[in-house]
Amino acid sequence: MTLRRTLLICSAAALAASAFPAVAQDWPERPVRILVSFPPGGSSDLVARLLAEHLGERLGQPFIVENRPGAGGTVAALALKDASPDGHSFMLSNLTPFSIAPTLFPDAGYDPITDFTHVSYIGGVHLALFAGAELGITTLDDLIAGAMAAPGELDYGTSGVGSWGHIVSARFGAITDTEMEHIPYQGSGPMQLDLRAGVIGLSFDAVPQNLPLVNEGVAIPLAVSSPERLETLPDVPTFLEAGLDLVAENWLGFSAPGGLDPAIAAKLDETLTDIMTLPEITAQFDNWGIVRVPMNGAAFAAFVADQYSAWAPMVEAAR
Amino acid sequence: MELLGNLALGFAAATTVEMLTVCFVGVLLGTFVGVLPGIGPLAAVAMLLPVSFHLPAEAALILLAGVYYGAEYGGSTASILLNIPGTPSASVTALDGFPMAQKGRAGVALVLTAIASFVGGIVGVIVMALLSPALAGFALRFGPAEYFAVMVLGLVAATVVGGRGIVRGLAMVFLGLLLGTIGVDVNSGATRFTGGIPDLRDGISLVVVAMGLFGVSEVIASIRGNTRHKVSQPLNWRSLMPNRDDWSRVPGPALRGSAVGSFFGTLPGAGQTVASFVGYAVEKRISRNKDQFGHGAVEGVVVPESANNAAAQTAFIPTLTLGIPGSTTMALMLGALMIHGITPGPRLIADHPSLFWGLVASFVIGNLMLLVLNIPLVGLWARILRVPHAMLYPIVAVLICIGVYSLRLNLFDVWLTLGFGLLGYAMRLWRFEPAPLLIGFVLGPMIEEYFRRAMLLSRGDPLVFIERPGSATLLAIALILLVLAALQPKKLLLRLLKSA
């Protein structure tokens with residue numbers, strides 16, 4: 001055997017040893033990073049920061065939030081895909097990069113299912129169709145009738161082209177056979193301002209951040225996208241009740257690069273599930289309108305795959 | 001008086017030992033991150049956010065807010081000393097602050113900056129205390145057409161920033177506008193001018209452009225020894241202090257700058273950078289010392305600093321009373337409130353009076369602290385100029401890289417900043433000003449977004465900009481400014497008199 005070959009074999013062995021996943025007992029051995037696909041400050045970012053504090057306390061290593069916003073969350077997802085599956089890189093996974101972006105940007109560069117290990121479910125928020133107070137419409141039927149009578153007259157906002165609000169709105173238009181003008185915004189904040197001011201009459205937006213507007217009487221929720229009525233808006237019917245096949249949840253979870261040691265995944269899922277029962281966490285989640293149904297790690301992985309295939313045709317239709 | 005009662009409540013809430021401590025820590029840290037080029041309040045506020053979970057809501061907000069407006073004080077220091085703005089909004093301050101330093105008046109410029117910042121901060125707080133509820137309503141009456149009009153006005157006003165002729169200024173404004181179109185189009189979702197580079201999909205960050213054009217280009221120039229050479233700064237206390245002529249040129253510009261800044265601060269998204277540019281442009285139009293602008297005019301330092309500090313305070317009005325954050329840093333502060341179960345909105349002042357008025361009181365206290373903190377520091381900062389360039393500039397370059405990288409943890413941004421540094425250096429060689437480029441870059445995307453939104457809402461009818469009185473008035477002012485700039489009536493008059 002030549003020296004060169006010996007060296008090659010040795011280095012290959014060293015490489016294999018270093019790539020060998022950390023054993024679950026030792027995990028975590030060093031600080032763990034959580035990639036967040038939003039800039040700091042939004043509610044999803046806060047979820048990550050809050051959970052990071054508790055995870056750090058329980059698992060004995062700091063959990064550090066790294067904001068990698070950009071390109072519909074694909075920047076963060078790509079960074080996660082390229083990270084080592086050694087249990088020290090996770091992402092606060094959510095609807096946009098895993099259910100919408102891969103269809104919206106066919107060149108996104110990752111497969112939302114096979115390139116990742118989807119570890120744990122955190123919860124989700126639903127969206128609603130809101131009408132501004134000045135519009136004078138208070139029920140979904142009135143809206144559909146109004147939109148039928150004057151196609152293209154009504155304006156509705158979403159938090160951006162390719163946002164879940166936009167995709168749901170396109171689906172709404174298709175199944176109700178109505179036509180309204182889409183006014184895209186950059187995020188929910190400026191859109192809320194214009195809904196309040198009556199610049200736009202309607203918006204498709206996540207429920208929690210609009211609850212203050214509802215309480216003030218500035219925004220009237222016409223229907224919600226949850227499978228059942230929401231605790232926070234018990235009087236508002238679902239789209240399903242109105243006979244419209246429209247369910248949409250912006251889910252949040254923890255995901256890792258593909259090939260994560262199942263023992264580490266199980267340990268993280270257990271710890272998170274435990275944290276999520278703390279009264280201070282449940283109170284905070286209620287406050288943010290994050291709805292949680294029990295779901296274990298395996299069920300969550302199936303859920304992500306399910307969501308991806310459910311959203312793909314809707315995204316295609318909205319393009 | 002209800003206001004006095006509210007203020008009493010606020011001061012009672014803000015003068016406990018704990019609140020004073022967090023306020024001091026906040027403004028101190030803010031000054032520090034403001035001084036460091038590239039590292040801005042966003043990084044500091046993000047790092048402090050977890051700390052704020054463990055504080056009461058009032059203390060958390062006072063701390064984070066202190067970092068935010070403290071950074072506006074510090075941002076001008078490097079502008080004046082090194083021609084490298086610490087924050088994008090301090091870019092304008094370099095136009096006259098750096099020439100002052102080159103004349104050996106760095107200390108004077110820093111003292112005036114601290115005072116102008118204080119005036120701006122206090123005016124901003126007064127506006128906030130008196131007008132918050134009314135101004136919230138005002139922002140609501142500002143539809144897309146009015147936003148478009150005010151941004152156009154800002155752009156027209158800002159073309160006179162920089163002193164190398166209107167054609168060169170306009171060329172740079174247009175280059176800025178073009179750079180602003182890079183990234184996803186808000187209305188169609190199509191990516192534009194990214195050359196297929198995914199990192200450009202969200203456009204170029206303002207910090208990248210500002211730090212590249214102003215900061216890196218200055219570092220490059222220093223390698224060639226191309227910085228107009230070092231001037232020894234007198235360090236005795238007397239020569240640090242402004243003289244009588246300087247003082248006489250402070251009050252008017254400071255108040256005008258504060259007024260402009262207070263206005264732009266209340267518009268979500270417009271922010272401090274636009275405020276300081278427009279303030280400078282307005283002052284340059286009306287000042288008697290017009291010719292000195294760009295060569296170390298006192299007004300050229302006072303106006304932008306009073307404007308960006310006033311805007312930093314009034315930016316809290318839309319954030320707190322409408323729940324609309326004007327910037328990512330503001331979004332973080334909203335986040336700190338949300339963690340404590342407080343939802344910003346029109347009911348915030350009524351539901352949480354001690355939070356709102358405590359914050360207002362802490363602004364007054366914080367601005368006083370900053371004034372007291374900054375004036376003794378002037379001597380120290382002025383000494384920085386004695387550090388050999390061979391040591392100082394590499395440190396600055398490293399700080400810029402760290403600051404830019406910390407924005408999105410993206411190495412691409414660092415390379416892009418270096419690219420803008422080369423562009424800035426080339427512009428310097430061919431005598432183009434970077435300031436008009438920056439303002440075009442800031443305003444371009446907003447002008448486009450609001451213009452297209454207004455046109456979408458009017459179904460393509462451009463009359464919407466003339467039919468609405470607000471936008472019609474603003475556009476008329478912009479047109480008059482443009483005509484005046486093009487015709488230069490004083491020169492015309494002089495020519496007529498001569499020929500007669």
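With 319 residues, a compact globule would have a radius of gyration near 20 Å, and chain A comes in at 22 Å, which agrees. Keep in mind that you're looking at a predicted model. Here's a quick tour of chain A and the place where chain A touches chain B.

**Overall build**
- Chain A is put together from eleven helices and nine strands.
- If you follow the C-alpha trace along its principal axes, chain A spans about 85 × 45 × 30 Å.
- Buried residues account for 52% of the 319 residues in chain A.
- Take the contacts in chain A between residues at least 6 apart in sequence: 77% of them join residues at least 24 apart.

**A strand–helix–strand piece**
- Strand 5 (residues 155–158), helix 6 (residues 164–176) and strand 6 of chain A form a right-handed β-α-β unit.
- Strands 5 and 6 of chain A pair in the parallel sense, with four bridges between them.
- For one of the residues involved, A:T158, the bridge partner in strand 6 of chain A is A:P184.

**Where chain A meets chain B**
- The contact draws 31 residues from chain A and 35 residues from chain B.
- On the chain A side, helix 2 (43–59), strand 6 (181–184), helix 7 (188–197) and helix 8 (211–216) each chip in at least two residues.
- Helix 7 of chain A gives the largest share of that side, with six residues.
- By character, the chain A residues touching chain B split into 13 nonpolar, nine polar and nine charged.
- Notice that strand 6 of chain A turns up twice: it belongs to the β-α-β unit, and it also supplies residues to the side that touches chain B.

Methods: Residues are numbered from 1 along each chain as its sequence is written. Chains are lettered from A and ligands numbered from 1 in the order in which they are written. This is a predicted model: local features need pLDDT of at least 70, side-chain atom pairs count only at pLDDT 80 or more; totals for chains, interfaces and linings use all residues. The radius of gyration is taken over C-alpha atoms; the globule rule is 2.2 Å times the number of residues to the power 0.38. A residue is buried if 20 or more other C-beta atoms lie within 10 Å of its own, exposed if 12 or fewer, and partly exposed in between; C-beta atoms are placed from the backbone. Two residues are in contact if their C-beta atoms, placed from the backbone, lie within 7 Å. Ala, Val, Leu, Ile, Met, Phe, Trp, Tyr, Cys and Pro count as nonpolar, Asp, Glu, Lys and Arg as charged, and the others, Gly among them, as polar. Two strands pair if DSSP finds at least two bridges between them. A crossover is right-handed if, with the strands pointing away from the viewer, the path from the first strand over the helix to the second runs clockwise.
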